[in-house]
Amino acid sequence: MKERDYNFADIEVKWQKKWHDSGDFKSTADASKKKYYVLEMFPYPSGRLHMGHVRNYTIGDIMARFMKMKGFNVLHPMGWDSFGLPAENAAIKNNIPPQKWTADNIAFMKAQLMRMGFGYDWDREVTTFKSDYYRWNQWLFITMFERGLVYKKKSPVNWCPSCQTVLANEQAENGVCWRCESKVVQKDLSQWFFKITQYADALLAGHDEIKDNWPEQVITMQRNWIGRSTGLQVNFKLESGEDFPIFTTRPDTVYGVTFMVIAPEHPLLSRVTDPHVKQFIERLKNQPMAERTADDKEKEGIDTGLRVINPFNGETLPLYAGNFVLMEYGTGAIMAVPAHDTRDFAFAKKYGIPQKLVIDNPASPIDIDKLADAYTLEGVNVNSAQFNGLRNTQAKEKIAEFAEAQGFGKRTVNYRIRDWGISRQRYWGCPIPMVLCDTCGEVPILEKDLPVILPTDVAFNGDSRSPLNSMESFLNTTCPKCGRPARRETDTMDTFVDSSWYYAKYTSPSSEKILSPEEADYWLPVDQYIGGIEHAVLHLLYARFFSMLMHDLGLIKNREPFKRLLTQGMVIKDGSKMSKSKGNTVDPDEIINKYGADTVRLFMLFASPPQKDLDWSDKGVEGSFRFLSRVWRFVNKHAHLYQKDRAPGAETEKLKKIRTELHRTVKIVTNDIEERMQYNTAIARMMELINTINQVEESEWETVEGRAVLSEILERFIPMLFPFVPHIAEEMWEMLGCTTTLSGRPWPEFSQELSIRGESEIVFQLNGKIRAKVSVPSGITKEEMEKMALEHERVREMTGGKEIVKIITVPGKLVNIVLKV
């Protein structure tokens with residue numbers, strides 16, 4: 001039989017069309033079947049896929065295909081996170097309407113996804129810039145507003161002068177805009193907020209439900225961001241007698257306070273009259289929030305001239321304005337104890353403020369004059385009135401009790417997380433469904449009038465100002481409450497609102513309601529979610545908030561959106577993350593043209609565990625192609641020997657070993673996909689199996705017993721390849737004369753008995769370093785292991801003429817020969 005060439009281009013087009021025409025990836029809720037919902041974070045349609053996208057989506061596609069073969073009813077959708085600044089910036093720069101720029105990019109990227117062979121149910125495609133999606137953003141906003149979960153207030157915000165928009169703290173890290181890297185400044189604006197703080201405890205409690213199936217790092221990052229702390233609110237006094245409340249988690253140090261610090265935005269500072277002090281405070285206010293809170297940012301401040309009295313000891317303390325105190329956290333003021341807080345210590349040293357020791361180390365008493373840094377360990381209270389001699393852990397409670405009894409303190413809980421400011425002063429986003437009426441104030445749009453359509457026939461002014469502000473046709477409306485003239489809200493929603501509930505909309509994208517109860521109840525929650533660790537605090541926290549919100553609104557039954565989370569690593573080239581700015585990107589289309597989509601998929605899965613960064617390697621891609629070509633040649637050469645469902649009989653020892661390796665491989669690959677999600681080791685195992693198979697003589701395959709074993713190999717190995725490299729697997733399956741597609745075939749089973757080898761692998765070491773690995777009978781003795789080690793060719797080469805000090809043997813595991821150095 002003449003062998004066929006591996007023509008990947010024709011093969012991939014052929015099978016993509018067949019899958020599409022047969023509806024292989026369409027999903028329908030079916031209560032009689034176990035469901036499995038696998039989802040990758042949907043992309044922003046920036047224009048072209050990059051290798052980070054390809055890796056993310058390949059990981060998800062493996063799981064979707066595998067679970068379908070395991071008998072699950074699989075939902076695997078895709079959509080587009082399609083509002084946002086890049087489209088607007090492109091419109092300004094190139095005079096292209098944002099809608100056209102975005103739609104064109106979606107069409108191009110969708111074709112790229114299809115070319116990769118990803119098994120998406122495109123009937124469930126969601127595009128967030130379309131009104132059939134964002135009308136439900138608006139419905140949720142109004143529903144939250146009616147329940148007191150949305151409010152508007154004037155607040156200092158991170159403002160990007162270039163993008164002309166507000167940034168969340170997370171979007172202004174290190175004082176620069178996450179989009180354009182311009183320097184961020186502070187600005188007071190009226191903003192719409194979601195009361196995510198009302199869900200702070202629920203978000204923390206929910207970690208108990210997901211902690212076993214989410215990366216510990218993500219859980220820790222969220223806990224730290226929410227920042228729940230239990231402490232004491234103490235009412236210090238101004239010299240005028242007014243209360244000056246602060247929150248502290250360290251009441252045990254309250255007798256050591258030597259100064260107070262207040263946020264530059266605090267209204268009390270309006271009393272400052274010194275021009276120099278006022279100018280300094282203004283400069284502090286203009287520092288970006290993210291920069292002010294950064295650990296490596298210099299802490300600076302100024303004495304305001306105001307004084308505060310400590311209610312515990314009556315001492316009068318200077319009040320400083322400091323850049324590290326935020327109005328949004330606690331009361332906007334803190335007590336400072338330099339002897340026992342590292343930040344306060346540095347600040348006090350800088351400005352010559354005295355220190356006072358109130359916790360001593362009984363094992364090594366502290367000399368306050370020789371203190372090189374704050375003492376932050378446990379100890380015994382000193383200089384603390386009636387609390388002297390108590391362990392400071394005991395003093396915390398006793399001092400809190402005392403403050404409550406005296407009426408100037410109260411135990412309370414505080415949070416680091418702030419309410420979510422969702423207003424954006426940009427055009428390309430979901431319109432906020434509110435109007436401003438001179439009579440009625442802020443009024444929500446009536447539900448029957450949703451959606452508030454974002455106009456598409458807009459003209460930009462050559463800069464980043466939103467054209468909505470000058471569109472009379474959009475601005476002018478009537479008040480839903482009184483019918484008088486009113487003006488629409490021109491802010492649009494943060495695009496993180498779009499991505500906070502899209503996973504739920506996939507369950508019923510064409511429903512006339514926000515969700516179909518039947519579909520949502522069946523498919524949710526997502527069983528496997530896949531995306532980058534960089535979304536740990538923003539998207540993943542917001543998505544959990546929205547899931548809990550939708551649960552409380554009676555829209556869904558689950559409180560947590562994602563059962564299991566995998567955070568994949570980045571794709572690295574030339575030592576850094578692939579990016580256009582660094583000129584180290586690789587175009588997926590170019591690699592597909594040269595090697596095929598299956599090669600790209602295989603390399604992305606084989607080069608690194610999913611959770612780790614992947615180093616791009618041209619040689620690695622070539623190696624993946626060679627492996628597929630090798631498998632192709634083997635199947636093509638032996639397809640005529642295939643006998644369907646032929647049970648192996650009396651095999652030779654070599655064939656028995658092959659069968660053992662086959663069943664062991666199925667067992668390992670199954671576990672690597674389903675439990676460990678270690679696709680690289682699964683592929684490595686299949687490569688080892690091919691190496692073993694190729695050691696069999698051709699004449700042995702042509703025997704009756706050989707054909708039976710060969711048939712068993714092909715019936716298990718090709719379906720096992722399918723989730724990884726589906727196009728070539730389908731073509732090889734068809735080569736065998738099989739008429740059904742692999743997407744409808746069950747995952748291969750393995751014999752537990754056969755998967756347990758009659759042999760085990762041991763290693764030979766020299767001075768603790770592995771020098772050889774060999775297979776040995778399971779029952780080998782210690783003496784036989786040592787004899788084999790000493791006679792092994794590589795060991796003899798490396799020990800020749802050297803003195804052996806001793807031999808350490810672990811039966812069934814290793815032999816370590818210790819040489820004299």
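This report walks through a helix and two buried residues in a predicted model.

## Helix α5

Let's start with α5, which covers residues 131–146. How far apart should the ends of this helix be? At 1.5 Å a residue, its 16 residues should span 22 Å, and the end C-alpha atoms are indeed 22 Å apart, so expectation and model agree.

Plenty of α5 is tucked away: Y133 and Y134 are buried, and so is the run W136, N137, Q138, W139, L140, F141, I142, T143 and M144. After the helix comes G148, where phi is positive, near 75°.

## M51, at the start of α2

Next up is M51, part of helix α2, which takes in residues 51–69. Is M51 buried or exposed? Its relative accessible area is 0%, so M51 counts as buried, the cut-off being under 20%.

Who are its partners? Leaving aside residues up to four places away in sequence, M51 touches V571, M578, V586, D587, P588, I591, M604 and W616. As for E512, M51 is 461 residues from it in sequence, and their C-alpha atoms are 37 Å apart in space.

## K299, in a loop

Where does K299 sit? Look in the loop that links α9 (289–293) to β11 (301–309). K299 has 18% relative accessibility, which means it counts as buried, since the limit is under 20%.

What does K299 touch? Setting aside residues up to four places away in sequence, its contacts are R292, A294, N323, F324, R343, F347 and K350. So a look around this lysine takes you to R292 and A294 as well as to R343, F347 and K350, among others.

Terms used:
Residues numbered from 1 in each chain as written. Predicted model: local features only at pLDDT ≥ 70, side-chain atom pairs only at ≥ 80, totals over all residues. Heavy atoms only, no water. Helix = DSSP H or I, 4+ residues; strand = E, 2+ residues; numbered from the N terminus. Expected span 1.5 Å × (residues − 1). Buried < 20%, exposed > 50% of the residue type's maximum accessible area, 1.4 Å probe, protein only. Contact = heavy atoms within 4.5 Å.
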